[in-house]
Amino acid sequence: MLSYSIGIIGGGNLGRSIALGLLESRKISPDRIFISRRRLHLIEDLQAHGIKITSDNREVIREKKVIVLSVEPHQATGVLKEISQDITGEQMIISVVTGLSIRDIKELTGERISVFRAMPNTAIAIRQSMTCISTKDTSPENEDIVFSIFDQLGKTIKIEEELMNASTVLAACGIAYALRFIRAASQGGIEIGFDAATAQLIAAQTVKGAAGLLIEGGKHPEFEIDKVTTPMGCTIAGLNEMEHQGFSSSLIKGILTSYHKI
Ligand SMILES: NC(=O)c1ccc[n+]([C@@H]2O[C@H](COP(=O)([O-])OP(=O)(O)OC[C@H]3O[C@@H](n4cnc5c(N)ncnc54)[C@H](OP(=O)(O)O)[C@@H]3O)[C@@H](O)[C@H]2O)c1
């Protein structure tokens with residue numbers, strides 16, 4: 001069990017998902033999870049699980065070892081200014097805010113506080129996130145705390161802060177790219193005979209299985225593709241047609257477009 005309390009500022013899509021993922025992990029007592037947002041009624045349901053909710057950010061950070069900052073980028077500076085006088089050197093901030101650097105945060109909170117950046121994705125709600133974490137903090141104890149939280153919520157890797165934008169695109173935006181693939185596959189599935197719900201189930205489970213082959217098997221995608229593509233068969237015919245239509249190229253270009261936009 002995690003022995004400290006966690007305060008989450010910003011109970012939106014991601015903040016809420018982190019709270020629910022922690023709850024589901026059963027590695028932290030629900031009454032050690034605190035979460036805030038201004039429109040409190042939108043997180044009232046979390047109370048039923050024992051999570052503490054408030055609209056007072058100063059209350060959400062008071063005596064919490066770990067503070068998760070999960071507001072929109074344009075809201076982050078205001079929130080950090082609001083809480084900075086209450087933050088002590090015993091606490092740490094984990095920011096999931098896109099584009100807000102460790103330096104930006106320390107300029108508002110002071111140098112004494114330990115700052116981590118984490119880039120999870122929305123699959124954190126079902127504890128299947130890919131979370132990239134970076135810090136300039138050299139304390140192994142602090143790093144253990146941060147990884148022990150996000151390890152409950154999916155897979156984690158440590159990256160250099162310079163790669164944070166790239167991880168945002170590949171992992172956080174990546175959820176949308178993968179879902180669009182599943183939607184398109186479902187639509188194709190309907191055209192070849194399945195009802196919409198069945199087509200979606202088949203497409204989604206197939207993507208999950210394909211990912212599992214790489215994550216658990218540790219193989220390169222082409223190794224697994226070669227097993228499916230019999231000579232002159234239907235798989236290679238369809239796959240090549242997709243490539244003629246720009247399948248891989250459109251995905252790579254989309255990733256680069258997101259990256260330049262960020
Ligand atoms: N969604 C993703 O996949 C994802 C992945 C990685 C990182 N991120 C980053 O994570 C951050 C949050 O994303 P999100 O999708 O969860 O956004 P969101 O749904 O808009 O959540 C932001 C939340 O912050 C609350 N908030 C705003 N000002 C506040 C204040 N002064 N005090 C307390 N709460 C406040 C808002 O609620 P009220 O208006 O009710 O206060 C809102 O619920 C963003 O910086 C985003 O870039 C998102």
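The ligand sits among 27 residues in this model, and the closest are G10, G12, R38, R39 and T98. The structure is predicted. Two elements, α1 and α4 (73-84), each give two or more residues to the shell around the ligand. By class, that shell holds 11 nonpolar, 12 polar and 4 charged residues.

Next, the sheet. It is open and has 8 strands, in the order β3-β2-β1-β4-β5-β6-β7-β8. The pairing is mixed. β3 (52-54) and β8 (154-158) stand at the edges; each has a single partner strand, so one side of each lacks a neighbour in the sheet. On average, neighbouring strands are turned by 25° against each other, direction ignored.

Strands β1 (residues 6-9) and β2 (residues 33-36) run parallel and are joined by 4 bridges. In one of these, I6 has I33 of β2 as its bridge partner. Helix α1 (residues 13-25) packs on the sheet, where α1 touches β1, β2 and β4 (66-69). The direction of α1 makes about 165° with that of β2. α1 is also one of the elements that contribute to the ligand shell.

The domain assignment splits the protein chain into domain 1 (6-159) and domain 2 (168-261). Their centres, taken over C-alpha atoms, are 32 Å apart. The table gives what each domain brings to the contact.

| Domain | Range | Residues in the contact |
|---|---|---|
| domain 1 | 6-159 | 7 residues |
| domain 2 | 168-261 | 5 residues |

Which classes make up the side of domain 1 that touches domain 2? The residues there divide into 4 nonpolar and 3 polar, with no charged.

How values were computed
Residues numbered from 1 in each chain as written. Predicted model: local features only at pLDDT ≥ 70, side-chain atom pairs only at ≥ 80, totals over all residues. Pairing = 2+ DSSP bridges. Axes fitted to C-alpha atoms, helices over the stretch in contact; angles between N-to-C directions. Contact = placed C-beta atoms within 7 Å. Near = placed C-beta within 6 Å. Nonpolar A, V, L, I, M, F, W, Y, C, P; charged D, E, K, R; others polar. Domains from an automatic or database assignment.
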